[in-house]
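Welcome! Here are a few short exercises to work through with the structure in view. Try each task yourself before reading its solution.

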Amino acid sequence: MVNNKRSIDDLNVAGKRVLLRCDFNVPMEDGKITDDVRITAALPTIKKLIADGAKLILCSHMGKPKGVDETKSLAPVAIRLSEHLGKKVIFAADNEVVGANARSAIETLTDGNVVLLENTRFRAEETKNDPAFSKELAELADIFVIDAFGTSHRAHCSTVGVTKFVSETAVGYLMQKEIQFLGNAVNNPVRPFVAILGGAKVSDKIAVINNLLEKVDTLIIGGGMAYTFLAAKGYEVGQSLLEADKIGYAKEMMQKAVDKGVNLLLPIDTVVATHFGRDAEFKTVDSDAIPSDWQGLDIGEKTRELFANAIKSAKTVIWNGPMGVFEFENFAGGTIAVAQALTSVDGTTIIGGGDSAAAVNILGFADKMTHISTGGGASLEYLEGKILPGVEAIANK
Ligand code: ADP
Ligand code: MG
């Protein structure tokens with residue numbers, strides 16, 4: 001998809017009330033934010049709108065509260081944001097999200113200043129894309145901007161419904177970047193184009209495999225989902241993750257790769273363990289020699305080399321899903337090897353998916369990648385070839 005959406009660079013926001021939908025769905029423990037990447041990712045857009053003199057109203061959801069839930073309040077986000085911006089972010093404590101408190105905070109808001117609304121999911125209507133709550137949100141503002149890429153695959157009041165009731169809409173810088181990198185990679189890639197898929201389950205990524213086979217030169221499959229493909233080749237996979245009902249699908253995809261001339265790479269060896277655990281005994285075996293009472297938790301050394309060689313000569317690489325149980329040190333080697341191969345690519349490298357992004361961050365390769373998507377589910381839907389409703393709802397240039 002070519003990015004033809006209006007952006008904040010196309011707006012004149014001075015003195016206007018701008019409602020900015022962010023993705024402040026940050027992980028919390030005991031009332032403390034444990035990782036604020038999602039907050040810092042929104043800063044460029046927030047700073048731009050402040051600098052241009054907008055009356056800025058921020059909103060977001062956090063978690064999946066069933067109605068009002070104090071532990072899911074956005075109050076800590078207002079404090080963290082204030083620290084990052086070096087200016088006070090007024091928190092509109094309001095269980096109705098758009099209630100008397102929020103309205104009065106916005107009435108007294110001056111140009112270049114910021115209010116944060118309470119968790120939009122305190123209102124049950126939010127996830128139903130209900131017109132009445134959408135309208136309440138829209139009436140707070142003159143302009144709506146979305147920068148919540150991680151939620152843009154959901155048609156909710158604060159992502160989609162609201163756009164029907166404001167006269168001007170645009171995407172923020174984060175959205176723009178995500179659409180540009182993911183969109184260009186999938187639809188207009190510099191070749192060779194290699195996609196690497198891993199993670200736990202085939203069933204999570206059926207549509208991704210199917211769509212990417214239409215686009216890529218090489219498709220690499222590792223991680224837990226590889227064993228269903230190995231089973232489809234007639235191999236015994238022991239106690240490894242296996243989705244028996246997806247074996248037929250795996251066969252179909254292998255045939256599709258042949259028909260499309262896509263180079264499909266599967267693990268040729270695998271690290272097997274006696275059980276699923278950090279301290280499990282382990283060894284490497286060929287993919288057709290997995291002992292019946294062992295389970296595959298990582299790709300083997302020969303496979304790492306095979307995959308790395310395919311990756312290194314690519315010009316565009318998309319990676320979704322770890323190659324093994326990287327959370328356990330003994331089974332992180334395959335994921336590390338693939339991350340390392342990506343660092344030597346002379347081209348564009350894109351990481352999509354929540355756990356893949358976490359793996360790249362934890363293993364210390366984050367600054368070596370061209371783009372790490374901030375949206376797990378949203379980036380997957382992009383790779384499936386779906387149109388994201390939160391993007392679709394924004395006006396074209
Ligand atoms: P992403 O969030 O990047 O899309 P997934 O959620 O699909 O990735 O998968 C990530 C999970 O898959 C990780 O928790 C990892 O431990 C698990 N995983 C990877 N390989 C295996 C395997 N061989 N057996 C069991 N689990 C695996
Ligand atoms: Mg995941």
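**Exercise 1.** Is Cys22 buried or exposed?

*Solution.* Keep in mind that this is a predicted model. The relative accessible area of Cys22 is 0%. Buried means under 20%, so Cys22 is buried.

**Exercise 2.** How many disulfides does the structure hold?

*Solution.* Start with what to look for: a disulfide is a covalent bond between the sulfur atoms of two cysteines. The sulfur atoms must lie within 2.5 Å. For Cys22, the nearest cysteine sulfur belongs to Cys59 and is 7.4 Å away, so Cys22 is in no disulfide. Next take Cys157, which is also buried, with a relative accessible area of 0%. Its nearest cysteine sulfur is that of Cys59, 11 Å away, and Cys157 is in no disulfide. The count comes to 0 disulfides.

**Exercise 3.** Classify the pair formed by the rings of Phe282 and Phe331.

*Solution.* The structure holds 2 aromatic pairs, and this is one of them. The ring centres are 5.6 Å apart and the planes meet at 70°. Planes over 60 degrees apart count as edge-to-face, so that is the class of this pair.

Now place the two residues in the chain. Phe282 lies in strand E13, while Phe331 is in the loop between strand E15 and helix H10. They are 49 residues apart, and the pair links distant parts of the chain. Finally, check accessibility: Phe282 is partly exposed at 41%, whereas Phe331 is buried at 0%.

**Exercise 4.** Which ring does the charged end of Lys283 sit over?

*Solution.* The ring is that of Trp294, and the charged end of Lys283 is 4.3 Å from its centre.

Methods:
Residues are numbered from 1 along each chain as its sequence is written. Chains are lettered from A and ligands numbered from 1 in the order in which they are written. This is a predicted model: local features need pLDDT of at least 70, side-chain atom pairs count only at pLDDT 80 or more; totals for chains, interfaces and linings use all residues. Side-chain values use heavy atoms; hydrogens and water are left out. Rings of Phe, Tyr and Trp (its six-membered ring) pair if their centres lie within 6.5 Å; planes under 30 degrees apart count as stacked, over 60 as edge-to-face and the rest as tilted. Helices (H or I, at least four residues) and strands (E, at least two) are DSSP runs, numbered from the N terminus. Buried means under 20% relative accessible area, exposed over 50%, partly exposed in between (1.4 Å probe, protein chains only). A charge sits over a ring if NZ of Lys or CZ of Arg is within 6 Å of the ring centre and within 35 degrees of the ring normal.
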